[in-house]
Amino acid sequence: MSNESREGNEVFGAAQAQQSGFQTVNVMRDEFGYETPVDLVPLPSKGMVYPAESSLHGKESVEVRSMTAKEEDILTSRALIKKGTVITELIKSCLTDKTVDVDEMIAGDRNAIMTALRITGYGADYNVELDCPACDTRQKAEFILTDLPMKYLEIEPVSPGANLFEFELPVSKKKVHFKFLTGKDEAEMSLI
């Protein structure tokens, strides 16, 4: 074996031997002094619907970091769009707490995070064109996402940490149980 080959093998061998302790470098932070901004996003559920073993149990907010080029790639990934998991993967990527199971999050909490990510990534102005179904005209509309009020969960679950609620129907007076859709529920519904 030549000296160059031996040195190359020693270098790669040393790297493989140290893989568990392999030092990573955050080039943007270390070389350019740039930190990806982190925001605290309030959860409309206030964490009431998550079981005690969930990392979301009792949490009224979560930390998300702003989108980077990595998240732009997630948003435009044809494979993730086709698979129907682009939103889940985007939220997973931006949450700072990697123990959160994004599929167990209820839709309202996921929507709050997506709105916050939209604001930090593209600004609060949301310009759209709307079609009037009655007169077939198209109108431009502008929404300011930071002006949207947060609608918090106002009813208590049947039991603490359960995504199960009771409601009395107004006419029949029968009691029904319902739950809020989770990311997993939404994914299952898209397969139908």
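Me: Which residues form a nonpolar patch on the surface?

Reply: In this predicted model, the patch consists of Tyr-126, Leu-130 and Phe-143, which together have about 280 Å² of accessible area. Phe-143 belongs to strand E4, residues 138-144. With a relative accessible area of 39%, Phe-143 is partly exposed.

Me: How many helices and strands does the protein chain have?

Reply: The chain has seven helices and six strands. Along the sequence they follow the pattern α-α-β-β-α-α-α-α-β-β-β-β-α. Of the 192 residues, 26% count as buried. The accessible surface comes to about 13,600 Å², and 55% of that area belongs to carbon and sulfur atoms. As for contacts between residues at least 6 apart in sequence, 46% join residues at least 24 apart.

Me: Which residues of the largest nonpolar core touch the most other members?

Reply: They are Leu-95, Met-105, Ile-113 and Leu-117, in a core of 26 residues. Two or more core residues come from each of strand E2 (61-65), helix H5 (86-94) and helix H6 (107-122). H6 gives the largest share, five residues. Met-105 can serve as an example: leaving aside residues up to four places away in sequence, the residues that Met-105 touches include Leu-43, Tyr-50, Ile-91, Ile-113 and Leu-181.

Me: How many disulfides are found in the whole structure?

Reply: The general idea comes first. A disulfide covalently bonds the sulfur atoms of two cysteines. In this structure, a search finds zero disulfides.

Me: Why is there no bond between the sulfur of Cys-132 and the closest cysteine sulfur?

Reply: The closest cysteine sulfur is in Cys-135, and it lies 3.3 Å from the sulfur of Cys-132, too far for a bond. The cut-off for a disulfide is 2.5 Å. Cys-132 is partly exposed, at 27% relative accessibility, and Cys-94 is buried, with a relative accessible area of 0%.

Me: How should a positive phi be read, and where does Asp-136 lie?

Reply: In general, most residues other than glycine have a negative phi. Here, Asp-136 has a positive phi near 60°. Asp-136 is found in the loop between strand E3 (125-131) and E4, and it is exposed at 72% relative accessibility. Lys-173, which is not a glycine either, has a positive phi of about 65°. The place of Lys-173 is the loop between strand E5 (165-168) and strand E6 (175-178), where it counts as exposed at 51% relative accessibility.

Me: How many salt bridges are there, and which parts of the chain does the pair of Lys-59 and Asp-97 link?

Reply: The count comes to nine salt bridges. In the pair of Lys-59 and Asp-97, the closest N and O atoms are 3.4 Å apart. This pair links distant parts of the chain, 38 residues apart: Lys-59 is in the loop between strand E1 (38-42) and E2, and Asp-97 is in the loop between H5 and H6. Lys-59 is partly exposed at 30% relative accessible area, and Asp-97 is partly exposed at 23%.

Me: Are Glu-71 and Arg-65 buried or exposed, and where do Lys-92 and Glu-89 lie?

Reply: Glu-71 and Arg-65 are both buried, and their side chains meet in a salt bridge of 2.6 Å, N to O. In the salt bridge between Lys-92 and Glu-89, the closest N and O atoms are 3.5 Å apart. Both residues lie in helix H5, three residues apart, about one turn of the helix. Elsewhere, salt bridges that share partners join Glu-129, Asp-131 and Arg-138 into one network.

Terms used. Residues numbered from 1 in each chain as written. Predicted model: local features only at pLDDT ≥ 70, side-chain atom pairs only at ≥ 80, totals over all residues. Heavy atoms only, no water. Buried < 20%, exposed > 50% of the residue type's maximum accessible area, 1.4 Å probe, protein only. Patch = residues over 30% accessible without salt bridge, like charges linked within 9 Å, V, L, I, M, F, W, Y side chains within 5 Å. Areas by Shrake-Rupley, 256 points an atom, 1.4 Å probe, with all protein chains shown as cover. Salt bridge = Lys/Arg side-chain N within 4 Å of Asp/Glu carboxyl O. Helix = DSSP H or I, 4+ residues; strand = E, 2+ residues; numbered from the N terminus. Contact = heavy atoms within 4.5 Å. Core = buried A, V, L, I, M, F, W, Y, C linked by side-chain atoms within 4.5 Å.
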